[in-house]
Amino acid sequence: MKILIIGGGGHARVVADILRAMDGMEPLGFITSDLDPGEVGPMGLPVLGSDAAVGSIPHDGLVVAVGDNRIRERLFTDFAAQGETLVNAIHPSAVIAPDVVMGRGCMVCAGAIVNTGTVIGDNVILNTGSVTDHDCQIQDHVHVAPGAKLAGGVRIGSGVLVGLGAAVLPGVVMGDRAVAGAGAVVLGDVVPGLTVVGVPARPKT
Ligand code: JB3
């Protein structure tokens, strides 16, 4: 499949790397207004233009490759509404149990682990070396950052950020758009929109 990468930053480069490592996926280049169209972008891939150019470029699918959850949600929603095929970019070194259910437009990076019984929505990032253990429920537009760990039966609401190296204990529920700061250890439920930090995690003041 010929795939457009929406974005042109560090995250987009990681997506390009994953697509190159996958069988049957060919990254065509980056869709970004940060770089001049026509120039050779990162990793030797071309800069193809801004979002308006997508419709005029022959392709089979795309990945929204922007780390910010809100921007990624907007772009995912817009492109899905246009009938685009949002593909999953899954690094071959990720370990995903066969019964895991995953939506579309997701990215599972190198060394990530997803265990049995877990259900993942659309447009989710499971970043490098993250662990999502058994029976977790992860809604749309979530980012589980590098090295973060979700224990069994964790429920993660839409647009949540689980920060770098954070840990979420078994059965904890994080409400929509909540944030666990880097290194936080989340022992109890987090209400929607709240940012918690530290060990044990407390509301950020
Ligand atoms: O921590 C890790 C491992 N990765 C971070 C990732 C999750 O998030 C990374 O270190 C960065 O902090 C961040 O990566 P990202 O999203 O690549 O950030 P940045 O380098 O700031 O690039 C943002 C990209 O989003 C730029 O290339 C913008 O062009 C693109 N962008 C923003 N809005 C958009 C739009 N691109 C398109 N096509 N359309 C938009 O509306």
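**Exercise 1. Which side chain meets Glu26 in a salt bridge?**

Before we start: this is a predicted model, where local features need pLDDT of at least 70, side-chain atom pairs count only at pLDDT 80 or more, and totals for chains, interfaces and linings use all residues. Residues are numbered from 1 along each chain as its sequence is written, and side-chain values use heavy atoms, with hydrogens and water left out.

*Solution.*
- Step 1: Take the criterion, a side-chain nitrogen of Lys or Arg within 4 Å of a carboxyl oxygen of Asp or Glu.
- Step 2: Glu26 pairs with Lys2, at 2.9 Å from N to O.
- Step 3: Place the partners: Glu26 is in strand S2 (residues 26-31) and Lys2 in strand S1 (residues 2-6), 24 residues apart. Strands (E, at least two residues) and helices (H or I, at least four) are DSSP runs, numbered from the N terminus.
- Step 4: Check accessibility, where buried means under 20% relative accessible area, exposed over 50% and partly exposed in between (1.4 Å probe, protein chains only). Glu26 has 38%, so it counts as partly exposed; Lys2, with 37%, is partly exposed too.

**Exercise 2. Find the salt bridge between domain 1 and domain 2, and describe the interface around it.**

*Solution.*
- Step 1: Set the bounds, which come from an automatic or database domain assignment: domain 1 is 2-87 and domain 2 is 89-196.
- Step 2: Arg177 bridges to Glu73, with the closest N and O atoms 2.6 Å apart. At 25% relative accessibility, Arg177 counts as partly exposed.
- Step 3: Count contacts (heavy atoms within 4.5 Å): 20 residues of domain 1 touch 21 residues of domain 2.
- Step 4: Add the buried area, meaning the accessible area (1.4 Å probe) that two parts lose on being put together, summed over both. The two domains bury about 1,700 Å², and carbon and sulfur atoms give 58% of this. On the domain 1 side, Ile18, Asn69 and Phe76 lose the most area, together 32% of what that side buries.

**Exercise 3. Is Thr132 buried or exposed, and what surrounds it?**

*Solution.*
- Step 1: Locate Thr132 in strand S12 (residues 131-132).
- Step 2: Its relative accessibility is 0%, so Thr132 is buried.
- Step 3: Beyond four places in sequence, the contacts of Thr132 include Ile113, Leu126, Ile138 and Leu150.
- Step 4: Follow Leu150, whose own contacts include Val144, Ile156 and Val162.
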